[in-house]
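Q: I am new to this structure and would like to know what stands behind the terms used for it. Can we go through them one by one?

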Amino acid sequence: MPRRSPKRTPNPSRYVSIKFAAERTGVSTDAIRRIIADGSLPAYRFRGQIRVAIEDIDAAMRPLN
């Protein structure tokens with residue numbers, strides 16, 4: 001059986017709160033929570049608080065065409 005590499009722990013310095021994510025995108029915190037719940041925005045729990053990667057926030061902001 002092949003040996004699996006260990007999962008890397010996310011670096012919390014690149015992650016922000018839901019409130020920050022909402023302010024950055026101009027939507028409500030409830031909207032961010034819904035986007036997380038539907039799986040469109042990955043989120044992580046650090047010490048009991050939900051955090052979102054800044055890169056994922058920016059990636060979620062895409063033009064409508």
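Q: What makes the approach of Arg 45 to the backbone oxygen of Gly 48 a polar contact?
A: A polar atom of the Arg 45 side chain lies 3.4 Å from that oxygen. A polar contact is a pair of N or O atoms within 3.5 Å, where within protein one must be able to donate a hydrogen and the other to accept it, and where residues adjacent in sequence count only if both atoms are side-chain atoms.

Q: What kind of model is this, and how are its residues numbered?
A: The model is predicted, so local features need pLDDT of at least 70 and side-chain atom pairs count only at pLDDT 80 or more, while totals for chains, interfaces and linings use all residues. Residues are numbered from 1 along each chain as its sequence is written, and side-chain values use heavy atoms, with hydrogens and water left out.

Q: Why is Arg 45 called buried or exposed?
A: Arg 45, found in strand S2, has a relative accessible area of 58% and is therefore exposed. Buried means under 20%, exposed over 50%, and partly exposed in between, with a 1.4 Å probe and protein chains only. Strands are DSSP runs of E with at least two residues, and helices are runs of H or I with at least four, numbered from the N terminus.

Q: Why is the pair of Tyr 15 and Tyr 44 called stacked, tilted or edge-to-face?
A: The ring centres are 5.2 Å apart and the planes stand at 90 degrees, so this pair is edge-to-face. Rings of Phe, Tyr and Trp (its six-membered ring) pair if their centres lie within 6.5 Å; planes under 30 degrees apart are stacked, over 60 edge-to-face, and the rest tilted. Tyr 15 is in strand S1 (residues 15-17) and Tyr 44 in strand S2 (residues 44-46), 29 residues apart.

Q: How do you know whether Tyr 15 and Tyr 44 are buried or exposed?
A: Tyr 15 has 11% relative accessibility and so counts as buried, whereas Tyr 44, at 31%, counts as partly exposed.

Q: What makes Tyr 15 and Phe 46 an aromatic pair?
A: Their centres are 5.5 Å apart, and with 65 degrees between the planes the pair is edge-to-face. Tyr 15 lies in S1 and Phe 46 in S2, so the pair ties together parts 31 residues apart in sequence. Phe 46 has a relative accessible area of 18% and is therefore buried. Tyr 15, Tyr 44 and Phe 46 form one aromatic cluster.
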